[in-house]
Structures are given as C-alpha cells and as structure tokens.
Amino acid sequence: MSREYVEEREGDFYVAGSRVSLASIIYEFRDGASPETIRHDFPSLSLAQVYGSIAFYLSHPEESEAYLERLNWKWEELRRKGQPPGAELQKKIDRARSRMFAEHP
C-alpha cells in the first residue's frame, strides 16, 4: 500500500505525483514533526501522501536508509568537486547534515 505514495525516479525517491523528495519527509519526521506539520510545510501534498510516505519509510527501513546514504554520498561528491558554498548555503547544509546524522530511536 505505501508504494502507491512513493515513486522512484532516476534512483531517487519522491512522493508520488510531486516534486517533494522522500528525504524531505523522512528528515522532518525524524526531527519529531507530526504528519500534520509536515503537510503544512509541504502544502502541495495531501495528508494521505504524507502518511503514505511515512508508511513507506517505516515499512522499508533498509531501502530508505540506503537511499539517504546515496544522497549523502552525492552531496559529498558535489562538495568535493564544487566551489565552496556561501555562508548562508553552508548553514543550510550544516543543518541538513546534522539532522541526517542525528541519532534516532
């Protein structure tokens, strides 16, 4: 059932029918955001899409973690190849990285 809410595109996962990445939902959920709060933060999504995405994450933990690791690897590769980000972008990257690597029960 949860697969109907998540689709894979070119190796990345998205909320089906949207441009919202599954990683965006996972990070907010891991940070303690309720599905209703996540829905508020992504107004293009329905509450059912948010719940479905969370259900996918919880039902497919190995696949979800492998996806997040691939994203981290891509970010690191881009960082190594690119120019240093500006101060504001670096702050955003640092916040995202700390959320991604924060320990969760």
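Here's a quick tour of this protein chain, from its overall build down to a few single residues.

What you're looking at is a predicted model. The protein chain carries 5 helices and 2 strands, and helix H1 (22–30) is a good place to start, with 7 of its 9 residues buried. H1 also gives the largest nonpolar core its largest share, 4 residues.

**Overall build**

- Starting at the N terminus, you meet the elements in the order β-β-α-α-α-α-α.
- The C-alpha trace stretches over about 40 × 30 × 25 Å along its principal axes.
- The radius of gyration is 14 Å, which agrees with the value near 13 Å that a compact globule of 105 residues would have.
- Take the contacts between residues at least 6 apart in sequence: 53% of them join residues at least 24 apart.

**Surface and charge**

- Buried residues make up 34% of the 105 in the protein chain.
- The accessible surface adds up to about 6,900 Å², and carbon and sulfur atoms account for 56% of that.
- On the charge side, there are 15 positive and 18 negative side chains. The centres of these two sets sit 6 Å apart.

**The nonpolar cores**

- As background, nonpolar side chains tend to be buried together in soluble globular proteins.
- In this model, the largest nonpolar core has 12 residues: Val6, Phe13, Leu22, Ala23, Ile26, Tyr27, Phe56, Tyr57, Tyr67, Leu68, Leu71 and Met100.
- Three helices each put at least two residues into this core: H1, helix H3 (47–59) and helix H4 (61–81).
- A second, separate core holds 9 residues, among them Val20, Ile25, Phe42 and Ile54.

**A closer look at H1**

- This helix is mostly covered, and its buried residues are Leu22, Ala23, Ile25, Ile26, Tyr27, Glu28 and Arg30. Notice that Glu28 and Arg30 are on that list alongside Leu22 and Ile26.
- The cover over those buried residues includes strand S1 (6–9), strand S2 (12–15) and helix H2 (35–41). H3, H4 and helix H5 (87–101) are included in it too.
- Ile26, a member of the largest core, touches Tyr57, Ser64 and Leu68 once you set aside its neighbours within four places in sequence.
- Just past the end of H1 comes Gly32, with a positive phi of about 100 degrees.

**Leu22, a buried residue of H1**

- You'll find Leu22 in helix H1. Its relative accessible area is 0%, so Leu22 counts as buried.
- Leaving out neighbours within four places in sequence, Leu22 is in contact with Val6, Phe13, Tyr14, Val15, Ser53, Phe56 and Tyr67. Of these partners, Val6, Phe13, Phe56 and Tyr67 are listed with Leu22 in the largest nonpolar core.
- Lys92 is 70 residues away from Leu22 in sequence, and the two C-alpha atoms are 18 Å apart in space.

**Glu10, out in a loop**

- Glu10 belongs to the loop between S1 and S2.
- Its relative accessibility is 82%, so Glu10 counts as exposed.
- Most residues other than glycine have a negative phi. Glu10 isn't a glycine, yet its phi is positive, at about 50 degrees.

**Thr37, somewhere in between**

- Thr37 is part of helix H2.
- With a relative accessible area of 37%, Thr37 is partly exposed, because that label covers values between the 20% limit for buried and the 50% limit for exposed.
- Thr37 and Glu88 are 51 residues apart in sequence, and in space they are 25 Å apart, C-alpha to C-alpha.

How values were computed. Residues are numbered from 1 along each chain as its sequence is written. This is a predicted model: local features need pLDDT of at least 70, side-chain atom pairs count only at pLDDT 80 or more; totals for chains, interfaces and linings use all residues. Side-chain values use heavy atoms; hydrogens and water are left out. A nonpolar core is a set of buried Ala, Val, Leu, Ile, Met, Phe, Trp, Tyr and Cys residues joined through side-chain atoms within 4.5 Å. Buried means under 20% relative accessible area, exposed over 50%, partly exposed in between (1.4 Å probe, protein chains only). Contact means heavy atoms within 4.5 Å. The radius of gyration is taken over C-alpha atoms; the globule rule is 2.2 Å times the number of residues to the power 0.38. Accessible areas come from the Shrake-Rupley method with a 1.4 Å probe; for residues, only the protein chains shown count as cover. Lys and Arg count as positive and Asp and Glu as negative; His and the chain ends are not counted. The place of a charge is taken as NZ of Lys, CZ of Arg, CG of Asp or CD of Glu.
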